[in-house]
Amino acid sequence: MAEYDVLVLCNACGDLHPFGSCVSLQDGPSSKQSITDVYAGEDLPSNLAELKDKRVYCPKTGRQYSQKDNKKVFLVPVGLGTVRLTAVNRKT
Ligand SMILES: [Zn+2]
């Protein structure tokens, strides 16, 4: 199992915002990829499928939004050495 950060493209400002929680995936990607690319033609793991109903906070507009388009939801392996987003880890 690997841990992934979930980043969601914002409809309002066009940036990626973190969901603020990690997901564990059995066979996730080794680099940043959209959910559509990773699970083309497959069912989503339940812990990803349920993210669809959650809302993401946009620090620029101060509002929450939901992103239904899986092409705009990205998985980023935790600890890959890429830039870690320091933005708001909101716990709800
Ligand atoms: Zn935004």
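Biologist: Why is Lys-54 called partly exposed?

Modeller: Lys-54 has 15 other C-beta atoms within 10 Å, and a residue is buried if 20 or more other C-beta atoms lie within 10 Å of its own, exposed if 12 or fewer, and partly exposed in between, with C-beta atoms placed from the backbone; the value 15 therefore puts Lys-54 in the partly exposed class. This is a predicted model, in which local features need pLDDT of at least 70 and side-chain atom pairs count only at pLDDT 80 or more, while totals for chains, interfaces and linings use all residues. Residues are numbered from 1 along each chain as its sequence is written.

Biologist: Where in the chain is Lys-54 found?

Modeller: Lys-54 lies in the loop between helix H2 (46-49) and strand E4 (56-58), where helices (H or I, at least four residues) and strands (E, at least two) are DSSP runs numbered from the N terminus. Lys-54 and Phe-19 are 35 residues apart in sequence, and their C-alpha atoms are 8.7 Å apart in space.

Biologist: What makes E1 and E2 a pair of strands, and how do they run?

Modeller: Two strands pair if DSSP finds at least two bridges between them; seven bridges join E1 to strand E2 (residues 16-25), so the criterion is met, and the two run antiparallel. One of the bridge partnerships is that of Tyr-4 with Val-23 in E2. E1 and E2 form a hairpin with six residues between them, and Gly-14 in the turn has a positive phi of about 85°.

Biologist: How do you know that E1 also pairs with E6?

Modeller: Five bridges join E1 to E6, again antiparallel, and Asp-5 stands opposite Val-76 in E6. The open sheet has four strands in the order E2-E1-E6-E3, with antiparallel pairing. Its edge strands are E2 and strand E3 (33-34), each of which pairs on one side only.

Biologist: Which residues touch the most other members of the largest nonpolar core?

Modeller: A nonpolar core is a set of buried Ala, Val, Leu, Ile, Met, Phe, Trp, Tyr and Cys residues joined through C-beta atoms within 7 Å; of the 16 residues in the largest one, Val-6, Val-8, Ile-35 and Leu-75 touch the most other members. Strand E1 (2-9), helix H1 (35-38) and strand E6 (73-77) are the elements that give two or more residues to this core.

Biologist: What does Leu-75 touch?

Modeller: Contact requires C-beta atoms, placed from the backbone, within 7 Å; not counting residues up to four places away in sequence, Leu-75 touches Tyr-4, Val-6, Gly-28, Pro-29, Gln-33, Ile-35 and Val-38.

Notes:
Contact = placed C-beta atoms within 7 Å.
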